[in-house]
Amino acid sequence: MLRDCSFGVYQGRPVEAISLSNGTLACRVLTFGGILQSLQVPDRQGKAVDVVLGCPSLDGYLAQDCYLGALVGRCANRIAGGRFSLDGQDYALAVNNGPNHLHGGPGGFSFQVWNIDSRSQEHVTLALHSPSGEEGYPGSLDVRVTYRLAGNALSIAYEAETDQTTLCNLTNHSYFNLAGHGSGPVLDQVLQLMAHTYTPTDETSIPTGEIAPVEGTPMDFLSPTPIGARIDAPFSQLIQGRGYDHNWCVDGQPGILRPAARAWSEKTGIVLSVETTMPGVQLYTANYVPEGLPGKDGALYGPRHAFCLETQFYPDGVNHPHFPSPILTPEHPYRHETRFTFSPLS
Ligand code: BGC
């Protein structure tokens, strides 16, 4: 079993590695970035397989910009030009991804040391206070994220409160490889997305505003399909993103925990089911992970060695009034949950 330990020091603050286990699943969470560093899941023989990519040390995390396993905020995904208006006031955020703002900016939640609010053998609640004006966002934000192991599920519950109207779109950026984190490309792993529509993007990955049907395109994962079956299809959305890097509009009612995705590896027999209260999910096939990125246990990661299922408000939602709104007000605290359940392939 993994033990809690120190994981180095970041900007003068000690970083802790917290180990959770419940007899079925085990995971390790870092206070730096709230990173899910490992997640051990039983394969069809009952042998534990670590199904998330991660780095062996804090230096490893600081040397990459892939958001491996990190909690992301204040506003996950992109904001066009880093610009938006709220209550008649214009805001300009740092631009850190081509012409756009990405994942809360260069000093976002993924790069901060979180506090441990509470913990037991099966859960840890991490907390962060984000002062007004941090990364250019208005209002202060108090955030709590709980990782909890329950039976064969890892649930991540997000809570946030503000004192002024602001944006809030929190996610976890785990890179899953259901054959094991060091096992190479995931192109033969099978994926199903419970989404009839997605949000096409321009060449800088900003949604055009269209909510397009997946039917008849390589974006259609309504039936379980290997991730690699159409990833290199001559479809402009896939060419410009070097693979899948898009938001799907999850069927059903946002706010209610409902199925968003299912994936499995024939090799290990591990099935992942994702349920969320969020309106969307970004499927990202690790297109920009650099070849030879040093991972845990001496593994070397590369493009397409994992898939992310980032549950979220649609990208650039603040600038598209017909998208679900990522605007948070003091009156309505932010409460969302995403649950990752693991079961054997039958
Ligand atoms: C984005 C990608 C980006 C990755 C790592 C994903 O959520 O959609 O475009 O490269 O995060 O930053």
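## Exercises on a predicted model

The closest cysteine sulfur to that of Cys 5 belongs to Cys 27 and is 13 Å away, which is too far for a bond. The structure is a predicted model: local features need pLDDT of at least 70 and side-chain atom pairs count only at pLDDT 80 or more, while totals for chains, interfaces and linings use all residues. Residues are numbered from 1 along each chain as its sequence is written, and side-chain values use heavy atoms, with hydrogens and water left out.

### Exercise 1. Cysteines

State how many disulfides a search of the whole structure finds, and explain why Cys 249 has no bonded partner.

Solution.
- Step 1: apply the criterion, where a disulfide is a pair of cysteine sulfur atoms within 2.5 Å.
- Step 2: take Cys 249, whose sulfur has its closest cysteine sulfur in Cys 75, 16 Å away, so the pair is too far apart for a bond.
- Step 3: read the total, which is 0 disulfides for the whole structure.
- Step 4: compare the surroundings, using buried for under 20% relative accessible area, exposed for over 50% and partly exposed in between (1.4 Å probe, protein chains only). Cys 249 is buried at 5% relative accessibility, whereas Cys 5 is partly exposed at 29%.

### Exercise 2. The whole chain

Describe the fold elements of the chain and decide why its radius of gyration agrees or disagrees with that of a compact globule.

Solution.
- Step 1: count the elements. There are 2 helices and 29 strands; these are DSSP runs numbered from the N terminus, with helices (H or I) of at least four residues and strands (E) of at least two.
- Step 2: obtain the expected radius, taken over C-alpha atoms, from the globule rule of 2.2 Å times the number of residues to the power 0.38. For 346 residues the expectation is near 20 Å, and the chain has 19 Å, so the two agree.
- Step 3: add the dimensions. The C-alpha trace spans about 60 × 50 × 35 Å along its principal axes.
- Step 4: check burial and contacts. Buried residues make up 59% of the 346. A contact means heavy atoms within 4.5 Å; among contacts with a separation of 6 or more, 65% join residues 24 or more positions apart.
- Step 5: count charges, with Lys and Arg as positive, Asp and Glu as negative, and His and the chain ends not counted. The chain has 20 positive and 33 negative side chains, and the centres of these two sets are 7 Å apart.

### Exercise 3. Two strand residues

Find whether Ile 270 is buried or exposed, and where Glu 337 is placed.

Solution.
- Step 1: locate Ile 270, which is in strand E23 (residues 270–276).
- Step 2: read its accessibility. At 0% relative accessibility, Ile 270 is buried.
- Step 3: look for partners beyond four places in sequence. Contacts of Ile 270 include Val 41, Val 51, Leu 178, Trp 264 and Phe 342. Phe 342 is 72 residues away in sequence, yet the C-alpha atoms of Ile 270 and Phe 342 are 6.6 Å apart.
- Step 4: turn to Glu 337, which is placed in strand E29 (residues 334–344) and is partly exposed at 21% relative accessibility.
- Step 5: list its partners, again beyond four places in sequence. Among them are Ser 155, Ala 157, Leu 257 and Glu 275. Ala 229, 108 residues from Glu 337 along the chain, has its C-alpha atom 30 Å from that of Glu 337.

### Exercise 4. Loops and backbone

Identify which residues a cis peptide bond joins, and describe the loop positions of Asp 297 and Ser 223.

Solution.
- Step 1: the cis bond joins Gly 73 and Arg 74, with omega about 10 degrees. Arg 74 sits in the loop between strand E6 (70–72) and strand E7 (78–79).
- Step 2: Asp 297 is in the loop from strand E25 (293–294) to strand E26 (300–301). Asp 297 is not a glycine, and its phi is positive, near 55 degrees; the residue is exposed at 72% relative accessibility.
- Step 3: Ser 223 is in the loop between strand E19 (212–213) and strand E20 (225–226), and is partly exposed at 49%. Beyond four places in sequence, Ser 223 contacts Leu 191 and Gln 192. The C-alpha atoms of Ser 223 and Leu 191 are 8.1 Å apart, with their positions 32 residues apart in sequence.

Methods:
The place of a charge is taken as NZ of Lys, CZ of Arg, CG of Asp or CD of Glu.
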